[in-house]
Amino acid sequence: MDIISHGLWGGIALGRSSRKSFWAAFLFGVAPDLFSFGVVFVGGLLAHGFEFFRGMGHRPDVSQIPAYVYHLYNLTHSLVVFCLVFGVVWLLRGKPLLELGAWGLHLVMDIFTHSSAFFPTPFLWPLSNARFNGLPWVDPLIFVPNVLLLALLYAGFFWKRRRRATPGSSA
Ligand SMILES: [Zn+2]
C-alpha cells in the first residue's frame, strides 16, 4: 500500500480516541516505509539534488536499490520483529501501546498488496523467507476501493465527531 494510505489506515483504526493518539498511530503506520524507502528518498535527494525528482513517478529499477534498503525492509516489514517490539513495549509499560498496532496493520496490508516483482513482504523474517505474491496496490482493483473506503471511513468519523461536538444535535 502507499505510505499515505498506511498512515490514514493506522489513524482511523487505532488512533480515534484523541488527536495525539491519531498522530501516533499515523506515524507508526508510515514508519515501516519511512525507515526503508524514506532513506532512499533522502539519500537520493542529498546525492542528486532536485534532479532526483525526475526519476520519480515510475517504479525504480530494483537492481539500482542499495543493499542496505533490503536489510531495512526486512527489519521494518517483519511480523516477527513487530511482535517482539510490541511485546517489549507492553512489558515495559505494563499495558499495550495500541497505536503501535498500526505498524502491524501496515504489514498485514503489505503482505497482500505487494507482488513478488516488487518488495514482497518478508513477514516471517528472519525465521523464514516466505513471501506472498499479492496484487500490487497500484492495481485499480486495490487502489480505487482503498481510496473509497478511506474516504467513507473518514467522512463517517468526522460526521460522528461533529454530531458529538454540537449540543442538542442528537435529538
Ligand atoms: Zn510497507
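This is a short tour of a predicted model, going from its zinc site to two backbone oddities.

**Stop 1: the zinc ion.** Select the zinc ion along with Asp33, His77, His106 and Asp110, its protein donors. Each histidine points its NE2 at the metal, while the aspartates use OD atoms, and these donors sit 2.0 to 2.2 Å from the zinc ion. Try the angle tool next: the 4 donor atoms subtend angles of 87 to 171° around the zinc ion, so the arrangement is irregular. That verdict follows because four donors count as tetrahedral if all angles lie between 85 and 135 degrees. Along the sequence, the donor residues follow the spacing D-x43-H-x28-H-x3-D.

**Stop 2: the two histidines.** Now colour His77 and His106. His77 is in the loop between helix 4 (67-76) and helix 5 (79-93), whereas His106 belongs to helix 6, so the pair ties together parts 29 residues apart in sequence. Switch on a surface and look for them: His77 is buried at 0% relative accessibility, and His106 is buried too, at 1%.

**Stop 3: the loop after helix 6.** Move on to the loop between helix 6 (101-113) and helix 7 (140-165), where you'll find Pro126. Phe119 lies in that loop as well.

Start with Phe119. What is the sign of its phi? Phi is positive, about 45°, although Phe119 is not a glycine. Its relative accessible area is 6%, so Phe119 counts as buried.

Then zoom in on Trp125 and Pro126: the peptide bond joining them is cis, with omega about 0°. Why pause at these two spots? Because most residues other than glycine have a negative phi, and most peptide bonds are trans.

Definitions and conventions
Residues numbered from 1 in each chain as written. Predicted model: local features only at pLDDT ≥ 70, side-chain atom pairs only at ≥ 80, totals over all residues. Heavy atoms only, no water. Helix = DSSP H or I, 4+ residues; strand = E, 2+ residues; numbered from the N terminus. Buried < 20%, exposed > 50% of the residue type's maximum accessible area, 1.4 Å probe, protein only. Donors = N, O, S within 2.8 Å, 3.2 Å for Na, K, Ca; no water. Tetrahedral: all angles 85-135°; square planar, octahedral: opposite > 155°, others 65-115°.
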